[in-house]
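Visitor: I would like to learn how the terms used for aromatic side chains are justified. Could you take me through them one at a time?

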2 protein chains.
Amino acid sequence: MGGMSNDALPARLRDELGKDAVLTDADVTASYSRDMMPLAPAGRPLAVVLPADVEGVQATVRACAEAGVPIVPRGAGSGLSGAANAIDGCVVLALTKLDQILEVDAANRLAVVQPGVVNLDLRNAVEKHGLFYPPDPSSYDWCTIGGNLSTNAGGLCCVKYGVTTDSVLGLDVVLADGSLLRTGRRTVKGVAGYDLARLFIGSEGTLGVITQATVALRPLPQAPATLVAGFTSTEAAGEAVARVVREGLVPSLMEIMDATSIKASEAYLRTDIGAGSGCQALLLCQSDSGGEVARRELAVLEQICLDCGSDMTYATDDLAEGNMLLQARRVVLTALELYGTWLTDDVCVPRTRIAELIAGCHRISEEVGLRIAVVGHAGDGNMHPTIVYDPTSPEESARAQRAFDDILEVGMALGGTVTGEHGVGKIKQDWLEREIGPVGMRVHRQIKAALDPDNLFNPGSMFAPG
Amino acid sequence: MGGMSNDALPARLRDELGKDAVLTDADVTASYSRDMMPLAPAGRPLAVVLPADVEGVQATVRACAEAGVPIVPRGAGSGLSGAANAIDGCVVLALTKLDQILEVDAANRLAVVQPGVVNLDLRNAVEKHGLFYPPDPSSYDWCTIGGNLSTNAGGLCCVKYGVTTDSVLGLDVVLADGSLLRTGRRTVKGVAGYDLARLFIGSEGTLGVITQATVALRPLPQAPATLVAGFTSTEAAGEAVARVVREGLVPSLMEIMDATSIKASEAYLRTDIGAGSGCQALLLCQSDSGGEVARRELAVLEQICLDCGSDMTYATDDLAEGNMLLQARRVVLTALELYGTWLTDDVCVPRTRIAELIAGCHRISEEVGLRIAVVGHAGDGNMHPTIVYDPTSPEESARAQRAFDDILEVGMALGGTVTGEHGVGKIKQDWLEREIGPVGMRVHRQIKAALDPDNLFNPGSMFAPG
């Protein structure tokens, strides 16, 4: 690594990328130093760089490599693991100005996009062609495709349509020496060489900087029909989810809310969502198969819920009414702010173990004396137990951290993973090591060393190089 | 690497794995030295090793590593790229005795299998639970899951259900030092660390030996309804495929046969498949949506075919009749043996370019003076132009090789890839380099060097390490 002083690097970057592309004012750079995970550490960047094109990304990587200054790549900052958080003295490489949808090839059902495109903008652009980009993390109206790729983001769609990696055909990636890797293809199949695209997807900015993606699109589904079902026990709701899976149903959405989530939503929306006072869990299901088929799918789902003891079901194929019902789920995190600051966890268990996970979270809630609301993607077993606490109290923060970890412990004991869709980032490095073990860690370090030998990209995030 | 003599290695392997697990008779080992690709070179193995368990695989890898003897992993040998072909003095590591279905977890829709399980056996085993393992390469009745994983095999199912990698949750892999990597998970979502499973899938045995897989299963679809449509020009058939894609239809199967394929099938089956003498292309489509939905899907497909100029369509929801119609497609390669030895190519183009690819193949056929039959997975753009030649004639073999390469040239010029599902193996190394370029090759070599620094696994297959 070079001997350039830290003052010289911003000057060089301004020379190469233009004055406006390089921010060094501490107040400004601080606003680029964090994502949405309160527990994760964040340092003070030397500079924030906002390249306008791929050449600007390459120039930034080369300059930082020569100066020995680490790079933390970043999209909109909607992440929930601190993966995009700055470290002291780094360059934050914000990809938000690479925001062009370069091509929508409707005839081949694909689009070519830059990483700074907002998820919702891509969804809207392809919808005009009767097409559908499925990945829909809850921040879809402001998160970027680059961040989605780097974290392999999920969302509500996954139960039927998979996660981000399932929608990617090819990637362009700037490597640690500034060279541009083009990997993948525009065809729907292809096995020429290693699946490098999927190695970079979900690598949280530790292996390179994604500068372009070719994504596969699906036919636009029908407007969804919606079913809600209330249960007087989480066990009954969990059994309904397991039955749905076992009987081979694939709803386009299947979400669960526990009693704490329901109460928060009702308080926030100032409405009774019809769950009843004894309701311990609510399932929300949708079918996007359209018309009679959707009605039949929902009828089967409804019958399973009733068979499992649901005491309240309601189905509608009215889109506006369905959106209103879904609103109860969508506002949970915001609603929890009525009580304090939220800290959302992310754990994925086999779909037969959901009720046990929720029960574990309720036990932890009592143990730590903090409110924990459990919401999640029931159809995937991907739960987001969300802890409410006062971050100004160190003692309460410690209890929140303990609950956060205890939830992961319960998830792992149920055969689950410590992160279903939010990632490892700067908060779950120890948990990654516990989950994948020493051989898995060694392979991670070998790949990191092979592609980023000087540990230029997002050092210390996901894992310590060794 | 150690200094053990080549005689000592089989002796050590017999000591550690048992006498019956190590074959050295030259006539016997020769039968393990090739897959189904006639163009690929094959050497003479020092020994063939058939471990009965993962410990046997680890012992073999450690012994070979110490002796400096390369390992060529192998399943049933149904491959079409020579990836499993022996090199002189290697150990062929045949995984066929690791043939247990360890678990079918119907409630979580997954199965845990060893690599030697035959694809059809897994399909049958999970069907009893009302579940479906989609990947169906044409050799599904004898190829193994391990081979499918190593080549990321496709098949007829891909247009609706994706390729092998889309059905995998986790893998166990024996690495070059004999250690066992467990990667992936049993949950349907998970982002803890790099997507190592998908790095090993499709790596053609160059990075490690897959000893176990956890695969995701789908609900068993309905018995398919079938549509055939004849066209008097390949352009019209290609336009029908493009229209089907553009209009957002997702048949569960969509195959194309050109006139040469049709004639061969008819001659072999001794039947008129109803295509008519002027028929230049046949589309075969299925819907597995069941009942009225399937009938509606096929009616839309049929109308598109008619709009594009089809002069013969026939639809049936009778399973036996559908299977008979599909038989015409399934027997093409066997049927071509009426005329000589076949050499099947594998190229995938954007789905709008299929007619151009077929036209290119017909031009090449005239140029080289050899029969070329084009069949393929039209819904994916994955075509298998198949050259008929006399392998005992060096001159004709050279023309076959020229046709094989010219087809790839045409495919690349149309924006395609040089292998859609068969792999690079020992026949397309130069083409891989042309397709992915120097940066892509460098990354491949970096990853290979990181995971297999002594080039123990399948050296020279897919690419030369450097």
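Visitor: Why is Phe132(A) called buried?
Guide: In this predicted model, Phe132(A) has a relative accessibility of 12%, and buried means under 20% relative accessible area, exposed over 50% and partly exposed in between, with a 1.4 Å probe and protein chains only; Phe132(A) therefore counts as buried. Local features need pLDDT of at least 70, and side-chain atom pairs count only at pLDDT 80 or more, whereas totals for chains, interfaces and linings use all residues. Side-chain values use heavy atoms, without hydrogens and water, residues are numbered from 1 along each chain as its sequence is written, and chains are lettered from A in the order in which they are written.

Visitor: How many aromatic pairs does a search of the whole structure find?
Guide: The search finds four over all chains, where rings of Phe, Tyr and Trp (its six-membered ring) pair if their centres lie within 6.5 Å, and planes under 30 degrees apart count as stacked, over 60 as edge-to-face and the rest as tilted.

Visitor: What makes the pair of Phe132(A) and Tyr161(A) edge-to-face?
Guide: The centres are 5.2 Å apart and the planes 80° apart, so the pair meets the distance limit and the angle is over 60 degrees.

Visitor: Why is Tyr161(A) called buried?
Guide: Its relative accessibility is 11%, so Tyr161(A) counts as buried.

Visitor: What makes the pair of Tyr194(A) and Phe463(B) edge-to-face?
Guide: With 5.7 Å centre to centre and 75° between the planes, this pair also satisfies both conditions. Tyr194(A) belongs to chain A and Phe463(B) to chain B, so the pair joins two chains.

Terms used:
Helices (H or I, at least four residues) and strands (E, at least two) are DSSP runs, numbered from the N terminus.
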